[in-house]
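Reader: I am new to protein structures and would love a close look at one part of this one. Could you walk me through how some of the helices pack together?

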Amino acid sequence: MKKFSKLKFIEKLTEIPQRQSEGEEIAINEIKKILRANGIEFEIESYENCIPVEISSGLKVDNVEINCENSGFISGSIDNKHNLVSSLSDFESSSPNINFNPYCKDISLVSFYNAPSLAISSMDVCRVLNAEKIEGFTKVEKKFCKSANFLVGNKKAPKNIFFTHIDSIKKGAIDNASGVAVILDAIISNPKIIKDNLFAICGSEELSYEYPVYWGFGYRDFEKKYLNLLKKVKKIVVVDGVGHSEPNLYKNKELLFQAFPIKNLNEFENKTVVLAGDIDGLMPVYHSDLDDISRLKGEFLSKAQKIVVDFSNE
């Protein structure tokens with residue numbers, strides 16, 4: 001067995017430019033190496049996804065350029081400030097918009113819109129509000145890409161199924177290299193748990209063109225193939241966003257939907273939990289370049305891992 005370090009693994013993943021498309025493929029190959037090096041058997045189920053890729057974008061406020069990034073599925077222009085929105089409260093705007101995460105000092109790609117859309121830092125909101133002239137544009141390409149779900153453990157009659165996701169928007173140390181690291185270490189350190197449980201390490205959680213529920217594509221791919229397993233298992237545990245604070249188990253309906261938006265979630269709501277850190281504590285770095293390894297602590301990752309192992313032994 002090769003020694004596995006959660007923090008070193010997370011650091012390696014965060015060095016991969018945004019884990020989408022080719023970046024996700026690099027991350028998938030890293031996971032393959034680790035599982036093979038530790039003698040863990042796995043299956044890979046591949047599928048195609050489609051994601052928006054920014055070709056170019058720009059924003060001028062009273063003829064002065066400010067930093068922005070595409071946050072939409074559609075190309076187009078934005079020539080006014082009428083639709084300046086918080087990306088935490090307005091998820092389904094179909095009008096061209098400029099959006100921001102009010103808790104983050106960097107550009108934070110919280111939400112993607114079915115419209116021309118630009119994300120800016122909260123530090124630049126006042127400049128937009130006070131502007132007389134807005135000139136924004138974004139050019140987006142629809143890109144088909146390969147994705148995959150790793151399946152480790154009992155596929156026939158698992159007691160529990162554990163989910164986590166590989167991909168990220170930006171560096172994604174907390175969201176969600178942390179979850180992958182916790183699951184991998186739980187399996188490697190306690191190989192007996194794969195006898196009675198199934199671990200699904202999934203791609204394509206962050207983006208797809210299945211609007212308005214554009215996230216969770218990889219989980220829905222699993223659902224299509226293994227709906228009967230989901231019906232039969234005792235617990236469904238989604239590990240997403242741990243390591244920055246004490247881990248918690250969440251069961252509220254809104255968070256379940258955000259973390260695990262499968263089509264039949266209502267049927268499984270009573271047996272599904274999300275293992276995550278403090279949600280409010282994630283918002284200042286969420287989907288931004290501030291979500292790096294400096295935000296994580298080994299003790300919180302280990303506590304999350306213990307919860308996974310304890311669930312698997314129930």
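Author: Happily; here is a look at one helix and its two partners. This is a predicted model, where local features need pLDDT of at least 70 and side-chain atom pairs count only at pLDDT 80 or more, while totals for chains, interfaces and linings use all residues. Residues are numbered from 1 along each chain as its sequence is written, and side-chain values use heavy atoms, with hydrogens and water left out.

Two packed helices are described by the angle between their axes and the distance between the axes. Helices here are DSSP runs (H or I, at least four residues), numbered from the N terminus. Axes are lines fitted to C-alpha atoms over the stretch in contact, with angles from 0 to 180 degrees between N-to-C directions.

Start with helix α4 (residues 173-189) and helix α9 (residues 298-312): their axes come within 9 Å and cross at roughly 55°. The two are therefore oblique to each other; under 35 degrees counts as roughly parallel, over 145 as roughly antiparallel, 65 to 115 as roughly perpendicular and the rest as oblique. Contact means heavy atoms within 4.5 Å. On the α4 side, the residues that make the contact include Val-182 and Ala-186, and on the α9 side they include Leu-301 and Val-308.

Now turn to helix α1 (residues 6-14), whose axis comes within 9 Å of that of α4, crossing at roughly 140°. α1 and α4 are therefore oblique to each other as well. Among the residues making this contact are Phe-9 and Leu-13 of α1, with Ala-177 and Val-182 of α4.
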